[in-house]
Amino acid sequence: MRAAVLRAGRMVYRDDVADPVPGPGQVLVSVRSCGICGSDLHFAAHGAEMLALTEQMGAGAGGMHIDLDRDVFMGHEFSAEVLEAGPDTDTHPPGTLVTSIPVLLSTKGVEPIFQSNNTIGGYAERMLLSAPLLLPIRNGLDPRHAALTEPMAVGLHAVNKSGVQRDEPVLVLGCGPIGIAIIAALRMQGVETIAAADFSPRRRDLATTMGAHQTIDPATGSPFDSVTPKVVFEAVGVPGIIDDVMRRAQPGTRLVVAGVCMETDAVHPVFGIAKEINVQFVLAYDPAEFAEALRAISEGDIDVSPLITGEVGLDGVGAAFDELADPERHCKILVTP
């Protein structure tokens with residue numbers, strides 16, 4: 001079958017990948033749509049560094065075991081159509097449109113559908129999913145929109161972790177896909193004052209579309225000169241942001257770090273101590289939040305259509321990775337096998 005794989009730091013097209021065969025509890029599906037995630041872009045550019053960092057994590061931290069000299073499968077923001085079930089597996093009938101948290105259950109245990117030499121992801125014609133984890137796509141929802149359940153769940157999880165109240169002013173730093181997902185979740189939960197900051201005019205416009213009440217260009221001055229937030233979401237992921245927030249924020253501010261910084265960073269703890277700033281790091285979501293994100297999209301509480309700025313086939317994934325480096329051109333490119 002056809003797929004796009006990471007090889008020597010570049011996404012390349014293949015038409016000779018063996019079809020996956022579902023085992024007990026698994027379902028073979030045809031991929032309908034898959035979003036390109038920033039984590040995949042980062043892995044393509046800095047895979048060796050990411051693997052080295054995960055090796056330094058303690059036991060149980062979920063390190064990745066990937067051979068970069070072999071092809072790597074990716075794609076974890078997907079919607080799909082059920083084709084057939086594995087042996088002794090009860091599931092939805094063929095033709096059902098579904099999505100799932102990106103995890104495959106097998107006799108080997110739990111295999112993340114993220115970056116793998118063996119587990120095929122959404123940048124392929126077909127893949128395997130776990131029957132118990134499937135969520136049917138309802139209300140006639142466009143499968144392209146359903147594919148964005150995963151990043152919307154990331155934003156929802158960050159907002160849930162913050163404990164934000166409706167009347168607390170919020171500042172979102174960074175209006176890439178995760179920052180936008182945070183804004184959408186904040187608006188869905190009725191937060192009354194949402195400010196968003198990004199250097200990109202296009203991303204600031206998108207932030208307004210998705211629910212921000214005010215946008216700020218950091219090139220004109222610190223966002224803290226314009227707003228006094230009670231909760232700050234950091235969705236940039238570059239060194240220096242956390243320290244700058246602690247330096248400028250008001251006492252008692254809650255800082256939620258959703259941006260993934262893969263570099264060494266430095267902070268001055270005295271700022272956080274003197275102001276009693278609460279710093280919460282967040283990652284991914286739980287199954288209930290994933291299901292809630294799908295419900296919100298399917299019932300119209302979140303409109304993800306403005307995020308989709310391009311679509312490519314499997315043979316165009318490599319070029320799409322290059323194009324996503326420009327924030328003025330794209331937010332989310334979907335792969336439609």
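Thr119 counts as buried because its relative accessibility is 8%, where buried means under 20% relative accessible area, exposed over 50% and partly exposed in between (1.4 Å probe, protein chains only). The residue sits in the loop between strand 9 (115-116) and strand 10; strands (E, at least two residues) and helices (H or I, at least four) are DSSP runs numbered from the N terminus. Apart from neighbours within four places in sequence, Thr119 is in contact with Phe73, Leu104, Glu111, Pro112 and Ile113, contact meaning heavy atoms within 4.5 Å. From C-alpha to C-alpha, Thr119 and Asp142 are 26 Å apart in space, and 23 residues apart in sequence.

This is a predicted model, in which local features need pLDDT of at least 70, side-chain atom pairs count only at pLDDT 80 or more, and totals for chains, interfaces and linings use all residues. Residues are numbered from 1 along each chain as its sequence is written, and side-chain values use heavy atoms, with hydrogens and water left out.

The protein chain holds 9 helices and 19 strands. Its C-alpha trace spans about 60 × 45 × 35 Å along the principal axes. Of its 337 residues, 52% count as buried. Among contacts between residues at least 6 apart in sequence, 71% join residues at least 24 apart. The exposed area is about 14800 Å², and carbon and sulfur atoms supply 51% of it (Shrake-Rupley method, 1.4 Å probe).

The second largest pocket has about 310 Å³ of space. A pocket is an open set of points on a 1 Å grid over the protein atoms alone where a 1.4 Å probe fits, with protein on both sides within 12 Å along at least five of seven lines; lining residues have an atom within 4 Å of a point. The volume is the space filled by probe spheres set on the points. Of the 15 lining residues, Gln26, Leu104, Lys108, Glu111 and Leu128 are the closest to the centre of the second largest pocket. Strand 7 (103-106) and strand 10 (126-130) are the elements that give two or more residues to this lining. By type, the lining divides into 7 nonpolar, 6 polar and 2 charged residues.

Two loop residues other than glycine have positive phi.

| Residue | Phi | Loop | Relative accessibility |
|---|---|---|---|
| Ala8 | near 55° | between strand 1 (3-7) and strand 2 (10-14) | 72%, exposed |
| Asn139 | about 60° | between strand 11 (135-136) and helix 2 (143-146) | 58%, exposed |

How values were computed:
Ala, Val, Leu, Ile, Met, Phe, Trp, Tyr, Cys and Pro count as nonpolar, Asp, Glu, Lys and Arg as charged, and the others, Gly among them, as polar.
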